[in-house]
Amino acid sequence: TVLSSSTPGEQMTCWDPRIEEISKADLQALQYRHLKTLVYKLYSFSQFYHDRMKAANVHPDDIRSLDDIVKLPFMYKQDLRDNYPNKMFLGGQDELVRYHVSSGTTGKPTVVGYTQNDLNNWAVSVARALTSVGLGRKDIIQISYGYGLFTGGLGLHYGAERIGATVVPASVGNTERQIELIQDLKVTAICCTPSYMLHMAETSEKMGIDISRDTMLRTAVLGAEPWSEKMRKRIQELTGVKAYDIYGTSELSGPLFTECTEQNGIHIWGDLAYVEVLDPHTGEQLGPGERGELVVTMLQKEALPMVRYRIGDLTSYDDSTCPCGRSHVRISRIAGRVDDMLIIRGINVFPSQVEHALLTIPELGEHFQIEVDRRGALDNMLVRVELKPTAFSDKIDDMMSLKHRVARTLHGMLNISADVELVGPGTLARYEGKAKRVVDRRSI
Ligand code: DLL
């Protein structure tokens, strides 16, 4: 087991070099063994996967190498919805120890069930993730993701306890109180969405608290929504913390994977998950560095197995060994979702690209909103963005020239003309959970 040294008092780390530094050949052999077992199990015991494999004319005996995974059919979020709430589960209810339910912002909610082993593997994954960003038993970690049906709060909670850290289960909301706790309990690390981190930074400023000077906070583990490299820089500069990207989805268990201290890609635990990146249109596998749709097979999940799950997130992979020593595949920061991509007058635009472009302009704050509408036959994009308090001016000329500069920057970086509206600091909505950056009126 990864957590081999857990006797009380002993340094409890989640770094096992036999797993993290495993050779590519050994990792592939391990993945193949898991895949083979999984496919036989599903063919024999899961009506859903049995029917899917039959329809695709593939039998477990046809899986003779890891590359043969391409013979297996895909599965989609829609499959979970069609089988709501738990028709895709394997095993009986007596083996389940937990449910989580996704918010269902894009349709019917999906329900995820966990066996005890599932919860254990999930906690170990998060523990490995927190270890890889340099956290350990000396840390005091505030979990400011929502606790409850959302996987963020409890997922990070159990992982943080596994590394022996002291957990502050703050959940979301009551931001001033959260900042007081960070000060009073000498919190060293926080886990929340990047938008909530920004909200905390703003709130602490209003309270006259400088996070880098007046608190011990040094690490932030941010995820659950897309954010850009520029946003990372802003957050790091604003708060003095080192900000790491954490990724996962409820169907895969919840938050699972993070960057390491090198901040150069999200490490996937290859003994638990096998990733492919596909051309979203043809379904063909892409090579390292090529951006496409992430497809994940969870190799050891029990209650709700996931084989070739097309999550809909866009990324690329890198299979070179990281300078930190971990040999497993890394994926790049998620660029957005296939279905988040706006097509404006034929041009593909991701909200994360807009964010990146806006943050190149020093006068602009971090909060923005994209509104898409149709004017006659033409798509129209309006980007509404907050000014920094220092950039706010009542000189019309200054504001007009800044507005033009923003429009030119967007055009230069995205090749699209957009209307720009500059709004005062604090005007746009703030989010404790996932931010909603796009209003597409074309589909309303
Ligand atoms: O958001 C799990 C999670 C909790 C991840 C806390 C990280 C931290 P869902 O609610 O099922 O699960 O949403 C999953 O959110 O498919 C992505 O589109 C998006 N997402 C999650 N993490 C990131 C990230 C949780 N680091 C969906 N960057 C995913 C970009 C992310 N998008």
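This note goes through helix packing, a small sheet, enclosed and open spaces, and some backbone details of a predicted model.

1. **H5 against H6.** Helix H5 covers residues 116-132 and helix H6 covers residues 151-162. Their axes come within 7 Å. The crossing angle is roughly 70 degrees. That makes H5 roughly perpendicular to H6, because angles of 65 to 115 degrees fall in that class.

2. **Residues at the H5-H6 contact.** H5 contributes Asn120, Trp122, Ala123, Val124, Val126, Ala127 and Leu130. From H6 come Thr151, Gly155, Leu156, Tyr158, Gly159, Ala160 and Arg162. By class, this contact has nine nonpolar residues, four polar and one charged.

3. **H7 against H8.** Helix H7 spans residues 175-184. Helix H8 spans 194-206. The two pack at an angle of about 80 degrees, and their axes lie 10 Å apart. H7 is therefore roughly perpendicular to H8. On the H7 side the contact uses Thr175, Glu176, Gln178, Ile179 and Ile182. On the H8 side it uses Tyr196, His199, Met200, Thr203 and Ser204. Four of the contact residues are nonpolar, five are polar and one is charged.

4. **Leu181.** Which helix holds Leu181? Leu181 sits in H7. Setting aside residues up to four places away in sequence, Leu181 touches Gln142, Val168, Lys186 and Val187. Thr215 is 34 residues from Leu181 in sequence. In space, the C-alpha atoms of Leu181 and Thr215 are 9.9 Å apart.

5. **A three-stranded sheet.** One open sheet has the strand order E9-E14-E13, with antiparallel pairing. Strands E9 (266-267) and E13 (317-318) are the edges, each pairing on one side only. E14 covers residues 330-331. E9 and E14 are joined by two bridges in the antiparallel sense. Across this pairing, His267 stands opposite Arg330 of E14. In general, strands of a sheet pair through backbone hydrogen bonds.

6. **The largest cavity.** There are two cavities of 30 Å³ or more. The largest cavity holds about 80 Å³ of space. Its lining consists of Asp118, Asn121, Trp122, Ser125, Ser253, Leu256, Leu272, Met298, Gln300 and Lys301. H5 provides the largest share of that lining, with four residues. Trp122 appears both here and in the contact of H5 with H6. By class, the lining has four nonpolar, four polar and two charged residues.

7. **The second largest cavity.** The second largest cavity contains about 40 Å³. Leu42, Tyr49, Met53, Leu72, Pro73 and Val307 line the second largest cavity. What is the class make-up of this lining? It has six nonpolar residues, no polar residues and no charged residues.

8. **The second largest pocket.** The volume of the second largest pocket is about 590 Å³. This pocket is lined by 24 residues. Those closest to its centre are Glu205, Leu238, Glu366, Lys388 and Pro389. Helices H8 (194-206) and H10 (229-239) each give two or more residues to the lining. So do strands E18 (364-375) and E19 (378-387). H8 gives the most, with seven residues. H8 thus has a place both in this lining and in the contact with H7. By class, the lining of the second largest pocket has seven nonpolar, six polar and 11 charged residues.

9. **A cis peptide bond.** Most peptide bonds are trans. The bond that joins Tyr84 and Pro85 is cis, with omega at about -10 degrees. Pro85 belongs to the loop between helix H4 (77-82) and strand E1 (98-101).

10. **A positive phi.** Most residues other than glycine have a negative phi. Ser171 has a positive phi, near 60 degrees. Where does Ser171 lie? Ser171 is in the loop between strand E4 (166-168) and H7.

Note on methods
Residues numbered from 1 in each chain as written. Predicted model: local features only at pLDDT ≥ 70, side-chain atom pairs only at ≥ 80, totals over all residues. Heavy atoms only, no water. 1 Å grid on protein atoms, 1.4 Å probe; cavity = no way out; pocket = protein on both sides within 12 Å on 5 of 7 lines; lining within 4 Å. Points joined across faces, edges and corners; volume = space filled by probe spheres on them. Nonpolar A, V, L, I, M, F, W, Y, C, P; charged D, E, K, R; others polar. Axes fitted to C-alpha atoms, helices over the stretch in contact; angles between N-to-C directions. Parallel < 35°, antiparallel > 145°, perpendicular 65-115°, else oblique. Contact = heavy atoms within 4.5 Å. Pairing = 2+ DSSP bridges.
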